[in-house]
Amino acid sequence: MKKWMIVTIIIVYSILLGMIIYYAVDNNNRKNKLEKKVETLETNLKLYYENVYDGNELGKLFIFPGETNIEFDDDGIMSGEAFIYKDGVIEIALYDGKYCAYKKNTLEITKANIKECVVNRQKN
């Protein structure tokens, strides 16, 4: 009887440990994917600012997923915004359903809901 209890306990702990490891790896992969998407989007927005942006505009807002003239793979992104200020500063907020990647000066990836993951559009 004791052998079966020990085997059962070992199996239960193994399953729990496996689930913890799986979610830790999944969370890390999601964060890395978001970080790469922000870097790609920022590069494309810089090119847009240098080549297309009309300096007479106050700023330019892009909403993802959606119709924009920025080349960007928004696969896995539930919601996102990017704003280019008149002086060329770029602000990005991308939401994947669990994490929000926000970048203006530095990149921050935090757990958030969709309502919190927006660009501020405040004057510098």
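## A buried tyrosine in strand S3

With a relative accessibility of 8%, Tyr95 counts as buried, and its place in this predicted model is in strand S3, which covers residues 90-95. Once residues up to four places away in sequence are set aside, Tyr95 touches Ile77, Met78 and Ser79 on the N-terminal side of the chain, together with Cys100, Ala112, Asn113, Ile114 and Cys117.

Another tyrosine, Tyr22, is separated from Tyr95 by 73 residues in sequence, and the two C-alpha atoms lie 21 Å apart in space. The two residues also fall into separate classes of accessibility, since Tyr95 at 8% is buried, whereas Tyr22 at 52% is exposed.

## Overall form of the chain

The secondary structure of the chain consists of one helix and five strands, and the order of these elements from the N terminus is α-β-β-β-β-β. The C-alpha trace spans about 80 × 25 × 20 Å along its principal axes, and the radius of gyration of the chain is 21 Å, where a compact globule of 124 residues would have a value near 14 Å.

Of the 124 residues in the chain, 29% are buried. When contacts are restricted to residues at least 6 apart in sequence, 47% of them join residues at least 24 apart.

## Surface and charge

The accessible surface of the chain amounts to about 8600 Å², and carbon and sulfur atoms account for 56% of that area. As for charged side chains, the chain carries 17 positive and 18 negative ones, and the centres of these two sets are separated by 11 Å.

## Aromatic pairs

A search of the whole structure yields three aromatic pairs. One of them joins Tyr22 and Tyr23 in an edge-to-face arrangement, with 5.2 Å from centre to centre and 75 degrees between the planes. Neither partner of this pair is classed as buried, because Tyr22 is exposed with a relative accessible area of 52% and Tyr23 is partly exposed with 45%.

Tyr48 and Phe62 form an aromatic pair that is likewise edge-to-face, with ring centres 5.2 Å apart and planes at 90 degrees. Tyr48 belongs to helix H1 (residues 2-51) and Phe62 to strand S1 (residues 59-64), so this pair ties together parts of the chain that are 14 residues apart in sequence. Both rings belong to buried residues: the relative accessible area is 8% for Tyr48 and 2% for Phe62.

## The surroundings of Ala82

Ala82 is found in strand S2, which runs over residues 79-85, and with a relative accessibility of 0% it counts as buried. Leaving out neighbours within four places in sequence, the contacts of Ala82 include Leu41 and Leu45, as well as Lys60, Leu61, Phe62 and Phe64. Farther along the sequence, Ala82 is also in contact with Glu91, Ile92 and Val119.

Phe62 therefore appears in two settings, as the ring partner of Tyr48 in a pair that ties helix H1 to strand S1 and as one of the residues in contact with Ala82. Lys104, for its part, is 22 residues away from Ala82 in sequence, and the distance between their C-alpha atoms is 9.8 Å.

Note on methods
Residues are numbered from 1 along each chain as its sequence is written. This is a predicted model: local features need pLDDT of at least 70, side-chain atom pairs count only at pLDDT 80 or more; totals for chains, interfaces and linings use all residues. Side-chain values use heavy atoms; hydrogens and water are left out. Helices (H or I, at least four residues) and strands (E, at least two) are DSSP runs, numbered from the N terminus. The radius of gyration is taken over C-alpha atoms; the globule rule is 2.2 Å times the number of residues to the power 0.38. Buried means under 20% relative accessible area, exposed over 50%, partly exposed in between (1.4 Å probe, protein chains only). Contact means heavy atoms within 4.5 Å. Accessible areas come from the Shrake-Rupley method with a 1.4 Å probe; for residues, only the protein chains shown count as cover. Lys and Arg count as positive and Asp and Glu as negative; His and the chain ends are not counted. The place of a charge is taken as NZ of Lys, CZ of Arg, CG of Asp or CD of Glu. Rings of Phe, Tyr and Trp (its six-membered ring) pair if their centres lie within 6.5 Å; planes under 30 degrees apart count as stacked, over 60 as edge-to-face and the rest as tilted.
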